[in-house]
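Work through the exercises below with the sequence and the coordinates open. Each task is followed by a solution in steps.

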Amino acid sequence: CDWSSDVCSSDLKRRSRARCSTAACMVRLACLVLLCGISSNAAQAQGVAASRPVVTAVAIDRPLAFDGHLNEPIYERVAPFSRFVQYEPANGQPATEGSEAWVLFDTSSLYVSVRNWDSHPERMVANELRHDATALTQNEQVTITIDTFHDGRSGFVFLVNALGGMLEETFTDERNASRDWNAVWDARVARFAGGWSVEMRIPF
């Protein structure tokens with residue numbers, strides 16, 4: 001299915017902070033909100049402009065290496081989504097640092113992979129590995145929110161920082177976040193000369 005990539009609730013947007021380094025991935029990732037089950041046709045039927053960016057989930061028939069490096073052939077064959085924009089400080093403007101994202105799936109899992117470019121990787125803030133630690137939200141990170149209810153108000157958050165630290169939580173009514181929920185999922189990260197990359201695997 002196709003998932004709209006730029007529908008973010010106000011609370012989700014407030015969770016995102018942008019700097020002119022890889023932390024600007026918070027700007028970029030704020031636009032990687034996956035609304036499960038919404039096809040592009042359905043979105044247009046609800047009055048959404050046809051020009052709205054769409055991320056297409058691609059089926060894979062062989063396992064990923066799942067090491068964070070994003071060097072499998074699928075990443076060459078499938079064009080990434082890269083039309084990320086800022087929330088702050090210049091709302092709606094192109095992101096100051098580039099990102100490329102893929103949404104893949106097989107019979108058992110959903111995969112979200114992101115390559116984050118950074119013109120100053122030496123400035124990255126990544127100093128937390130404790131699971132569900134609040135400090136993870138202050139690190140260089142990629143976060144996705146899956147809105148399984150398609151209400152724009154409730155969902156499931158998955159965060160991975162540049163060290164591989166992980167956080168997940170649920171929220172309702174655009175707030176009431178809870179980290180008591182512990183999901184079964186996994187992630188791998190890797191560094192490259194121009195930034196870092198991540199692969200997330202979320203079982204169905």
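The exercises go from the overall make-up to strands, salt bridges and one serine.

The model is predicted, and local features need pLDDT of at least 70, side-chain atom pairs count only at pLDDT 80 or more, while totals for chains, interfaces and linings use all residues. Residues are numbered from 1 along each chain as its sequence is written, and side-chain values use heavy atoms, with hydrogens and water left out.

**Exercise 1. Overall make-up**

Task: State how many helices and strands the protein has, and in what order they run.

Solution.
Step 1. Assign the elements as DSSP runs, numbered from the N terminus: helices are H or I with at least four residues, strands are E with at least two.
Step 2. The count is four helices and ten strands.
Step 3. Read from the N terminus, the order is β-α-α-α-β-α-β-β-β-β-β-β-β-β.
Step 4. For burial, take relative accessible area with a 1.4 Å probe and protein chains only: buried is under 20%, exposed over 50%, partly exposed in between. Of the 204 residues in the protein, 49% are buried.
Step 5. For contacts, use heavy atoms within 4.5 Å. Among contacts with a separation of 6 or more, 61% are between residues 24 or more positions apart.
Step 6. By the Shrake-Rupley method with a 1.4 Å probe, with only the protein chains shown counting as cover for residues, the accessible surface is about 9600 Å², and carbon and sulfur atoms hold 51% of that surface.

**Exercise 2. The four-stranded sheet**

Task: Give the strand order of the open sheet of four strands and say which strands stand at its edges.

Solution.
Step 1. Pair two strands if DSSP finds at least two bridges between them.
Step 2. The order is β5-β6-β7-β8, and the pairing is antiparallel.
Step 3. β5 (141-146) and β8 (175-178) each have a single partner strand, so one side of each has no neighbour in the sheet.
Step 4. From one strand to the next the twist averages 25°, with axes fitted as lines to C-alpha atoms (for helices over the stretch in contact) and angles from 0 to 180 degrees between N-to-C directions.
Step 5. β5 is joined to β6 (residues 155-161) by six bridges. On the β6 side, F156 is the bridge partner of I146.

**Exercise 3. Strand β10**

Task: Find the strands that pair with β10 and explain why β10 is largely enclosed.

Solution.
Step 1. β4 (residues 109-117) pairs with β10 over nine antiparallel bridges; L110 is matched with I202 of β10.
Step 2. β9 (residues 186-192) is joined to β10 by seven bridges, again antiparallel. Here the partner of F192 is G195.
Step 3. β9 and β10 make a hairpin with two residues between them.
Step 4. In β10 (residues 195-203), seven of the nine residues are buried, so the rest of the structure largely encloses this strand.

**Exercise 4. Salt bridges**

Task: Count the salt bridges and locate the pair E100 and R115 and the network around R153.

Solution.
Step 1. Side chains of opposite charge can pair when their charged atoms come close. The criterion is a side-chain nitrogen of Lys or Arg within 4 Å of a carboxyl oxygen of Asp or Glu.
Step 2. The total is eight.
Step 3. E100 and R115 meet at 2.9 Å, N to O. E100 belongs to β3 (residues 99-105) and R115 to β4, so the pair ties together parts 15 residues apart in sequence.
Step 4. E100 is partly exposed at 21% relative accessible area, whereas R115 is buried at 16%.
Step 5. R153 and D173 form a salt bridge with their closest N and O atoms 3.8 Å apart. D173 is in the loop between β7 (166-172) and β8, and R153 is in the loop between β5 and β6, 20 residues apart.
Step 6. R153 also meets E174, at 3.1 Å. E174 is in the loop between β7 and β8, 21 residues from R153.
Step 7. R153, D173 and E174 are thus one linked network of salt bridges. D173 (35%) is partly exposed, as is R153 (34%); E174 counts as buried at 17%.

**Exercise 5. S197**

Task: Is S197 buried or exposed, and which residues does S197 touch?

Solution.
Step 1. S197 sits in β10 and is buried, with a relative accessible area of 2%.
Step 2. Leaving out residues up to four places away in sequence, S197 touches G68, H69, L70, V114, R115, R188, V189, A190 and F192.
Step 3. A polar atom of the S197 side chain lies 2.4 Å from the backbone oxygen of G68.

How values were computed: Polar contact = N/O pair within 3.5 Å; in protein donor to acceptor, adjacent residues only side chain to side chain.
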